[in-house]
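Visitor: Please show me how to read the main features of a protein model, one at a time.

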Amino acid sequence: MGTSVSVDGQITAFPLLRGQKALVTGANSGIGKATAIGLGRMGADVVVNYVADRDAAEKVVQEIESLGVRAYAHEADVSSEDQVVGMVSRMVEELGTIDILVANAGLQRDAPLTDMTVDQWHKVLDVNLTGQFLCAREAAKEFLRRGVVPEVSSSAGKIICMSSVHQIIPWAGHVNYAASKGGVLMLMQTLAQELAPHRIRVNAVAPGAIRTPINRSAWDTPEAEASLLSLIPYRRVGEPEDIARAVAVLASDLLDYVVGSTLYVDGGMTLFPGFATGG
Ligand code: NAD
């Protein structure tokens with residue numbers, strides 16, 4: 001149990017997310033794993049969604065339970081409507097409700113445009129964009145049904161879309177991924193506008209280069225890492241915990257007035273580093 005800072009700046013002894021129920025998709029690896037554990041550390045009970053590798057998901061569950069909160073693993077493909085409906089309804093049955101959705105699951109299927117198959121295109125759009133739509137829709141139904149419970153949170157629910165700096169930075173050779181994340185930006189902003197009157201906050205976290213399996217080839221040799229660092233003004237590769245902390249604070253009532261925003265957690269990658277020496 002960590003300490004936390006209340007809105008008036010007081011250091012308090014209880015965690016930011018105590019009593020809240022969080023669903024993190026793609027939570028058995030990388031950013032999702034760190035985020036699920038981070039939310040547990042802040043006092044939330046956590047559903048650890050995975051689509052493959054149950055053992056990894058169960059290890060995340062054990063780590064979260066060791067923090068003194070509840071957790072369980074749930075297998076579901078976020079691009080399947082039936083499976084997402086089943087995942088959220090089980091969560092409501094087992095944990096009572098959902099307060100926080102972190103729509104994190106995502107993947108890449110890279111190819112130059114002229115080699116990209118329609119399967120590669122659809123797979124990335126289905127998981128990265130349709131998956132976020134389905135999870136947001138099912139979570140929002142429960143937020144709307146339950147409304148605000150002031151003892152738990154000032155809002156009726158929080159949706160955090162895991163986006164990417166590629167929601168605004170074009171990325172040659174990755175047109176499916178960049179299009180999916182550009183879509184996530186407009187999905188997030190439109191849902192934020194639509195749901196805010198119901199006291200539901202929708203925001204995004206946009207990571208830069210974070211050390212996870214999705215981009216291993218970009219950091220796992222000294223040459224690759226040096227080349228990557230030239231794109232990062234802060235001159236370090238991000239760690240999954242950098243994103244987990246951002247998500248936890250964004251989900252908390254400390255940022256209750258933040259609606260429809262993207263928090264870039266990227267060491268300055270979106271600051272046009274190529275122009276640092278003139279241009
Ligand atoms: P990762 O590969 O470690 O994790 C992705 C997770 O999503 C895995 O657990 C995977 O099994 C899961 N997943 C894939 N398809 C799924 C499906 N159909 N249903 C449910 N889960 C599914 O990579 P990561 O870096 O931790 O990526 C997490 C998110 O962060 C992704 O949305 C990614 O686009 C985003 N992101 C990552 C970086 C980075 O540098 N690592 C940068 C920007 C954005």
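Guide: The turns below go from the whole chain to helices, single residues and rings.

Visitor: What kind of model is this, and how are residues numbered?

Guide: This is a predicted model, in which local features need pLDDT of at least 70 and side-chain atom pairs count only at pLDDT 80 or more, while totals for chains, interfaces and linings use all residues. Residues are numbered from 1 along each chain as its sequence is written, and side-chain values use heavy atoms, with hydrogens and water left out.

Visitor: How many helices and strands are in the protein chain?

Guide: Helices (H or I, at least four residues) and strands (E, at least two) are DSSP runs, numbered from the N terminus. The protein chain has seven helices and nine strands. Its radius of gyration is 18 Å against 19 Å from the globule rule for 279 residues, so the chain is as compact as a globular protein of that length. That radius is taken over C-alpha atoms, and the rule is 2.2 Å times the number of residues to the power 0.38.

Visitor: What share of the residues is buried?

Guide: Buried means under 20% relative accessible area, exposed over 50%, and partly exposed in between (1.4 Å probe, protein chains only). Of the 279 residues in the protein chain, 51% count as buried. Contact means heavy atoms within 4.5 Å. Among contacts between residues at least 6 apart in sequence, 71% join residues at least 24 apart.

Visitor: How should I read a helix?

Guide: An α-helix has 3.6 residues a turn, so residues three or four places apart point the same way. The expected span is 1.5 Å times one less than the number of residues. Helix 1 (residues 30-41) has 12 residues and reaches 17 Å between its first and last C-alpha, close to the expected 16 Å. In helix 1, 10 of the 12 residues are buried, so the helix is largely enclosed by the rest of the structure. After helix 1 comes Gly43, with a positive phi near 105 degrees.

Visitor: Which residues does Thr35 touch?

Guide: Thr35 belongs to helix 1 and is buried, with a relative accessible area of 1%. Not counting residues up to four places away in sequence, Thr35 touches Val24, Val102, Ala244 and Val247.

Visitor: Against which elements do the buried residues of helix 5 pack?

Guide: Helix 5 (residues 175-195) has 21 residues, and its end C-alpha atoms are 30 Å apart, in agreement with the expected 30 Å. Its buried residues include Tyr177, Val184 and Leu191. They pack against helix 4 (118-146), strand 7 (157-162), strand 8 (200-207) and strand 9 (262-265).

Visitor: How are aromatic pairs described, and how many are there?

Guide: A pair of aromatic rings is described by the distance of the centres and the angle of the planes. Rings of Phe, Tyr and Trp (its six-membered ring) pair if their centres lie within 6.5 Å; planes under 30 degrees apart count as stacked, over 60 as edge-to-face and the rest as tilted. A search of the whole structure finds two pairs. Trp171 and Tyr177 have ring centres 5.6 Å apart and planes at 70 degrees, so they are edge-to-face. Phe272 and Phe275 are also edge-to-face, at 6.4 Å centre to centre and 90 degrees between the planes.

Visitor: Are the paired residues buried or exposed?

Guide: Trp171 is partly exposed at 29% relative accessible area, and Tyr177 is buried at 9%. Phe272 and Phe275 are both exposed.
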